[in-house]
Structure formats: structure tokens, C-alpha cells
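Colleague: Could you take me through one part of this structure slowly, as you would for someone in their first year? I would like a close look at the place where the two chains meet, and at the salt bridges.

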Amino acid sequence: MATEALHENETLASLKSEAESLKGKLEEERAKLHDVELHQVAERVEALGQFVMKTRRTLKGHGNKVLCMDWCKDKRRIVSSSQECKVEILRLHWDIQPLPHSLRFFSWKDGKVIVWDSFTTNKEHAVTMPCTWVMACAYAPSGCAIACGGLDNKCSVYPLTFDKNENMAAKKKSVAMHTNYLSACSFTNSDMQILTASGDGTCALWDVESGQLLQSFHGHGADVLCLDLAPSETGNTFVSGGCDKKAMVWDMRSGQCVQAFETHESDINSVRYYPSGDAFASGSDDATCRLYDLRADREVAIYSKESIIFGASSVDFSLSGRLLFAGYNDYTINVWDVLKGSRVSILFGHENRVSTLRVSPDGTAFCSGSWDHTLRVWA
Amino acid sequence: MERVVVSMQDPDQGVKMRSQRLLVTVIPHAVTGGDVVQWLTQKFCISEEEARHLGAVLVQHGYIYPLRDPRSLVLRPDETPYRFQTPYFWTSTLWPAAELDYAIYLAKKNIRKQGTLVDYEKECYDRLHTKINHAWDLVLMQAREQLRAAKQRRKGDRLVIACQEQTYWLVNRPPPGAPSVLEQSPGRGSCAASRVHMTKRGDFYKQEIEYCRRALGRTRVKSSVCLEAYLSFCGQRGPHDPLVSGCLPSNPWISDDDAYWVMNAPTVVAPTKLRVERWGFSFRELLEDPVGRAHFMDFLGKEFSGENLSFWEACEELRYGAQAQVPTLVDAVYQQFLAPGAARWVNIDSRTMERTLEGLRQPHRYVLDDAQLHIYMLMKKDSYPRFLKSDMYKGLLAEAGIPLETKKRVFPFSRRPRHSSPSPALLPTPVEPTAAGGPGGGDGVA
């Protein structure tokens, strides 16, 4: 028995060292073709003028932290999800992993999902979910349904109905089942397929109608926190980021990891493709945002500043890809010039950390959701 | 955060420290709020607003505490004195703020001066009393002992220690209603544990090794080429980006006027000039725009190759459709486009056709991928460039207008009524062009 364990350990150690040496070689190969930096190339580009962006709409209606939001293709409607506080202290709820502060009494909370016409700030639909944190939500491309999920480990699809007699929760369809919390979800090109990312370290593609698992993606060493679908012509890949500091690009058809990038120093909270599909940006708890090029197969830019010491929770590009908007845990939003690598402006307004940020489909504005219970539309 | 605070305390380059007079006592090593803000502004080259914000965040997290009004953790950019919290109490030390310690702290406060406990503190005190009743004697004893020891210190030190403790507990046990800066998203705690677990398994490394081997074999592009591509992309799309270059007639969010959306609705008779220009940027842009796609279909019709686009659309429907529909759709596509003598036969090269027909024996949603790609490339390399050079496209470009900018309102405070729009959920689902019957566009009859 003892010798068997020793053999196992040796193999493990030798595998680890082989993996390390191969990774080193890979870095060397990548460095060979790196002949110029982005900001050098961008010197000939005209600098952007002063940007004056203000909050144009404030959406109030959530009773607790807003965790996630998504735009509808009609460019004005959005769906947002939150952790909702329903009643006072009713029961004690103990964390599974005792954190130092877990001895506090929790009130039993429900999650809430609201669909707004953010132009008029009217609420159009509201659903109460029987799980505490609804960490992911998405709008279907047709605008007729929404998907959401969180600590219930599931992703459910709700068809939107205006019929007063119908209870939206009654028509809900449970689509995805993971073994840990759902961190992100997104419809593909149609209402009939959903891609999900979970705290169990995997991503998965599901058929909405039947709930069947079409493909699963294994490879992350820890929780997967975010994903984004590639805007490519052949529409076959997506990128995901996780607590293992890695951003991985997957082939949806085969389930294999096509490319992986590991330069962040902490959890990656958000990933978003550059509009051309040739690159993607990531925001992380190490207080930086980085740009990775898929053809050069390397990181090509870092967006950071000494005065920014809090993690970036969500990032998105403007329509042309020239601006990168990033929401941070210190309640601010920083706007970066993607090409020059400098910060264009800093936006104040939220009173707690910014948890989610998305640019509208036609690029006229962007919306940010925060733990201060509100969403703001900026333009 | 600690990095910032440590550099702030640097004797040479840190914030100016001096002794502050607080009522009668003198406190050494104190700083004023104003100095903190100024130092931050200079060190990080940021605006005063940002420096004030950063300073406020540091105070909220308990790294700097106020000496005069320790109830509220706010940074006042004036002469208000502050001090740096001792590392013992830093939030990152992850010192578990135990109930026992909190009880001792509250007991001390209570003993020192009756009635200093605020409402929520009284509640907590009572609750703890019930909870740790068995150890209450210990709590009171500790509290009295600590107070006695403190009396032997100088008044200045006593005040400082009291403020330090107060700040620590304000951060760890915030009053109800105030947001707790220590709150985290749930579930992240499992990261470290699962990570360790995964790396202990051999197949994790095997997977990494295999990935590295594959990656070493891939072709890469020079950085200079990739980066130039960004410049040209951003340059081309800049004028089309509303946040960078503004939009005409006006940005709906700023002017409250939804004319921009009406003019750029998915299906509109007269597309704007910018929109028609975008069709020339890439084939994908053209296909993604319903109006562009419709015009392209017309153009193909004139060339008797409309079945190519219809085939491509049918394949898309298969790829993104419901799993249950796959066999039916595959069959429909075969009958319509691939079978010998089919009504709208598509011209694929023989090798791809052979492979596709072979795969059709066991239909799955990706079975038509090869054929679809072949047709897509055909359209992209052949029909698309011709479309852009055609009179039809040139005519569309010439006809398309540039909307006039809305005049700025004279009275900026009068709000325009914001029109609501019908929710997409209300509209009947648009009928997709199915494989069985294409849109009524003129294309060649077999």
C-alpha cells in the first residue's frame, strides 16, 4: 500500500513538472512573434476628446443588491436580477463554508427578476425566485423570454406574458442543472439553446425545449464566473473566465478548449469579446482589465492605474471597440481608451459596488447595476 | 489597499503628520482629512473628486479612523484629524471578529459610562448576554481588567486605543441600514478548496500537458499584424459608434426622443446612410441586418443564385433549433436543396456533397456544417463583392439620407414625453423562412 502511494506521488510530481516545462515552452513560442506593443502602434491614432457621460436613467425597484442584467434586442428593454430581502429574521441560515462573519443572523431572502422598459423606466414584469442570490440572467433574442438562475444551481427559462391571469412563475421551465451555483448564462443565436457557467467548474450547452445537455466543457480548475459568445461568422466559440485566473476559449461543437490564457493575478469576474471577434477583454479582482488577442495568442494590453485598487467586476466594449467600460468594486466606473491604454474618464454615482455592466445592442448607452439596489443608464 | 496606506505612512514621502490638539489632549501622528486628499491627488495624478472618493473608501474599510467623531466613518477633506489604523485591526488580517470579543467590547463601553450604548448596540448586547450567558462572568471580568489596564495609560493613548477599537467594530458590526463593506458574493469561498482538490488529481495535469502540446503546434500571427487590425477596425467603426461620435438625429437617452430608434428599426423602408455603409464593411454585417439581407436576396435573385442564401438560412435554423426538430429539419433541407433534382438545388463541390450525404445517414445538428461553410464562402468571395459593386447597392447608398440633428431644446427643463414601445413579447412571433418554403423572392426555378 505504501509503495503504491509513493508511486502515485512520483507520477503526480513528474506530471506536474512536465506540465510546467511545456507551459514555459509555450510562453517562449508566444513571445517570439511579439514584435510591438499596442500603445506604440496606437501613437498615430488621434486622442479621444473629453467625455461627458451622465446618468440618464435611474431604475429603482429592487429591494436589494442588483446582481446581473441583460439588454433586449429592441435596445431599450432590460432584465435585471437581484438578491431580495423579503422579511425580517425568520430563520438562521448557516454558510456551508464558515467564513469569519458567518455567525451573523441571515434573513431568509428571495431573489427577484424584473423586466423594465428602461427608456420610460416602467417595470413590465417581475418574478420572485425561490433562491437567495439570482446571479445570472439573460434576455432571449426574440424578446419573448428570459433565463435566470443562481444559488439554486439551475437555470430556468420564463416565457414573458402580459396576460394578467397568468402567473409567470407557473410557466417556468427548468433547463440547466449544475452541482453548484450558476454564475452566468446566455442564449445562443436563438431562443432554443442556452449556454451556462457554474461554480462547479464547468460550462454547458443545453436544449431549452427538452432540457437535454448538448455539450459540456471541462477544464477550469475552479469556479467559472463568466462567459461570452463570439461574434464570429461561423459562430462556434465562446470564452469563459474563472477563479483559477484562467480565461479559456472553447469550441462549442467538440467541447474542447481551443486556447487558454493565464496572466491575471486573481479571479476573472467578467469576459467580453471585442466587436470584431479577434480579441476579448477580461476584468479581474486584481484591479486590472486585460486584452487578449486570439490570433497572436497572447495578452496585448493591460488597463490599470495605481489609484485603482479594487477589483473590476464587469467589462464591456462600445460598438466600435474603441472604449472599454469597466465597473469596479469601489463603486466607480472607469472608461478606458482600448488602443492607447489610458483612462478616458471615471464615473461616480453608485453608492455600493458595481456588479454588472452592459452596453446596449445599438451602442447608444450602457447600463450598470449595483449593490446599492439601483441600475443606471449612462450616455 | 494596504499598499496605499503603508505608503501614506512613509515618513519621508507620506502624508504630513503632526500632533493634533483634541480638546485638551495632544495626539501624536495624526493627519488632517485635507492633507490625505491632497497627497492622494499628487501621488496618483488623479482629480480631487477621485482622491476624495478613494480616501472615503479607505476610511469606510477602517484603514483610517477619525479622532473627533468616531461614530461615522466618513472622510472630511478639511482640518478634521485622522489616524492610521494599526495593522492588528486591518480587515485583511481576517481576524475572526468573534462574538466573545464583541461582547467584551460592548461590556467595556457599558461599564465605563452607562448609557453610551446606542440602540442597536444595546440590542446586540442583550442578545449576546442571552447567547453567551454561561461565559458572561468571564466577559465582565475581561472587560473590567482591560479598563483597569487602560487607566494606567496616558490619556492620549487611551483615546487613541478607544477610537481604534470603535472603528474596528463599526466596520465589523455595522449599524442596521448601513452597508457592510465586508460582504462578499456567496460561493467564492469554495474556490480555494476546489482548486486544491483539482490539482491533486493526475488527469488535471494530463489535460494541461495535452493542451500545451496542441497549443505548441498552432500557427500564430505577428503582433504587429493583429494590432494594426484593431486600428483599422476602430477607425472604420468610429463614426458609427454613438458613444464615440454621437448619433443623428440625437441620442434617445439624452434627448428623450426615440426618433433614432424609429429610423433604425430592424425593418424600415428607408435605411440611413450609415446603415447602408455598414453593409460594405463585412459580409456578416450585411447578413445580420434584415433590410440588408433582403436586398441581398433580391440581388441574388437577379443572378439566379438565391437558393444559396436560403440554404444558408435553413442550415442556421438547424444549428440553433430545438433538439427535437433536428431529424425533421435535416430531412426538409435535403429534400429542398440537396437531393438530386431538388427544387432549389445548391451547387456544392462533389467532395463536400459526398461527405454530407454520408453524414446524413445519422443526422445531427452539425451534419450540414461543411456544406454550409462552402456555400457561405461562395457567397462571401463571389456574390458579395459583386453586390457591393452593383448598381443596386450604389443606388441604395445614394438614396439613403443622413438625418438632421434635432435642435436643442430651448427650455432644457421641459421634459419630452417618453413614448413607450410595444414589448417584443406582445408581437406575434415572426415567421422564419423555413426550408419548406422560402420568402417570396424571385429566384431561379430549377
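Modeller: Happily; here is the interface, followed by some salt bridges.

This is a predicted model, in which local features need pLDDT of at least 70 and side-chain atom pairs count only at pLDDT 80 or more, while totals for chains, interfaces and linings use all residues. Residues are numbered from 1 along each chain as its sequence is written, chains are lettered from A and ligands numbered from 1 in the order in which they are written, and side-chain values use heavy atoms, with hydrogens and water left out.

Let's start with contact, meaning heavy atoms within 4.5 Å. Chain A brings 132 residues to it and chain B brings 107 residues. The buried area, which is the accessible area (1.4 Å probe) that two parts lose on being put together, summed over both, is about 10400 Å² between chain A and chain B, and carbon and sulfur atoms give 60% of that. On the side of chain A, the residues losing the most area to chain B are Phe119(A), Glu233(A) and Arg295(A), together 7% of what that side buries.

Now for charge. Side chains of opposite charge can pair when their charged atoms come close. We call it a salt bridge when a side-chain nitrogen of Lys or Arg is within 4 Å of a carboxyl oxygen of Asp or Glu. Across the interface of chain A and chain B there are nine salt bridges. One of them joins Arg57(A) to Asp256(B), at 3.0 Å from N to O. There is also a network of salt bridges linking Lys23(A), Lys246(A), Glu262(A) and Glu208(B).

The whole structure has 35 salt bridges over all chains. Within chain A, Arg77(A) pairs with Glu124(A), their closest N and O atoms being 2.9 Å apart. Arg77(A) is in strand S3 and Glu124(A) in strand S5, 47 residues apart; strands (E, at least two residues) and helices (H or I, at least four) are DSSP runs numbered from the N terminus. Arg77(A) is buried at 0% relative accessibility, whereas Glu124(A) is partly exposed at 24%. Here buried means under 20% relative accessible area, exposed over 50%, and partly exposed in between (1.4 Å probe, protein chains only).

Another pair in chain A is Asp337(A) with Arg322(A), 2.9 Å from N to O. Asp337(A) lies in strand S24 and Arg322(A) in the loop between strands S22 and S23, so the pair ties together parts that are 15 residues apart in sequence. Both Asp337(A) and Arg322(A) are buried.
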